[in-house]
Amino acid sequence: MAKSASSTFSSWKSSTTSPSKTTCYCGIPCKVQISRTAKNPGRKFFGCGNYNGGDNHCKYFLWCDCLNEEDDNSSMIELLSSQTSSIGNAVEKVEHITKEIKLLVEKVDSLTEEVVNLNHNVEAWVENGKRLKAIFWSICAIIVAKWIFLL
Ligand SMILES: [Zn+2]
């Protein structure tokens, strides 16, 4: 008798849905019982309040430590969902920053182009300066030559 009851307990493991965690399907408070199965020796569980070793019970079953795990899970889920939304915000911010960085990179590219153009201009100016210097010195030479000639 005890043996068949304990084997039934282990098969109840999957049927843990109930509107209240500590009320069995009969609508009465559960009895806390201690498992004597080889798999879960000494583990406490909520069983039908009507259970008295016979078949006249609703087969409600919930491990007592599962109750805590379920609470932990729901708070974990809350925590995870709040973290997920903050991660979503962070992702949006990163996308925004990425766009700004792209714009800045474009600006840097156009500025680099301008600097390259300016360098070309400076080179042209330096060339012009050299030419002007040459013209200046040749004019000086002409003036000096004329001055010498006049003497
Ligand atoms: Zn019951």
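D65 counts as exposed, because only 12 C-beta neighbours fall inside 10 Å and the cut-off for exposed is 12 or fewer. D65 belongs to helix α2, which covers residues 64–150. In this predicted model, the C-alpha atoms of D65 and R43 are 8.3 Å apart in space, although the two residues are 22 apart in sequence.

**Overall layout**
- The protein chain holds 2 helices and 3 strands.
- Read from the N terminus, the order of elements is α-β-β-β-α.
- Of the 151 residues in the protein chain, 7% are buried.
- Take the contacts in the protein chain with a separation of 6 or more: 39% of them join residues 24 or more positions apart.

**Confidence**
- Mean pLDDT for the protein chain is 83.
- A pLDDT of 70 or more is reached by 82% of the residues.
- Residues 1–20 are another matter: pLDDT stays under 50 there.
- For that stretch, the model has 19 contacts beyond four places in sequence.

**The sheet**
- The 3 strands form an open sheet in the order β1-β2-β3, and the pairing is antiparallel.
- β1 (31–34) and β3 are the edge strands, each pairing on one side only.
- From one strand to the next, the twist averages 30°.
- Strands of a sheet pair through backbone hydrogen bonds, in either a parallel or an antiparallel sense.

**Strand pairs**
- β1 and β2 are antiparallel and share 4 bridges.
- Opposite V32 stands F46, a residue of β2.
- β2 and β3 are also antiparallel, with 3 bridges between them.
- F45 has W63 of β3 as its bridge partner.
- G47 is bridged to F61, again in β3.

**Nonpolar core**
- Which residues make up the largest nonpolar core? The set is C24, C30, F45, F46, C48, Y51, Y60, F61 and L62, 9 residues in all.
- β2 (44–47) and β3 (61–63) each supply at least two residues of this core.
- Two core members also appear in the strand pairs: F46 of the core stands opposite V32, and F61 of the core is the bridge partner of G47.
- F45 is likewise a core residue, with its bridge to W63.
- In soluble globular proteins, nonpolar side chains tend to be buried together.

**Loop between β1 and β2**
- P41 sits in the loop between β1 and β2.
- Is P41 buried or exposed? P41 is exposed, because it has 10 C-beta neighbours inside 10 Å and the limit for exposed is 12.
- Leaving aside residues up to four places away in sequence, P41 touches S35 and R36.

**Loop between β2 and β3**
- K59 lies in the loop between β2 and β3.
- What is the phi of K59? The value is near 70°, which is positive in a residue other than glycine.
- Most residues other than glycine have a negative phi.
- K59 is partly exposed, because 15 other C-beta atoms lie within 10 Å, a count between the limits of 12 for exposed and 20 for buried.

Definitions and conventions
Residues are numbered from 1 along each chain as its sequence is written. This is a predicted model: local features need pLDDT of at least 70, side-chain atom pairs count only at pLDDT 80 or more; totals for chains, interfaces and linings use all residues. A nonpolar core is a set of buried Ala, Val, Leu, Ile, Met, Phe, Trp, Tyr and Cys residues joined through C-beta atoms within 7 Å. Two strands pair if DSSP finds at least two bridges between them. Axes are lines fitted to C-alpha atoms, for helices over the stretch in contact, and angles run from 0 to 180 degrees between N-to-C directions. Two residues are in contact if their C-beta atoms, placed from the backbone, lie within 7 Å. pLDDT is the predictor's confidence in each residue, from 0 to 100.
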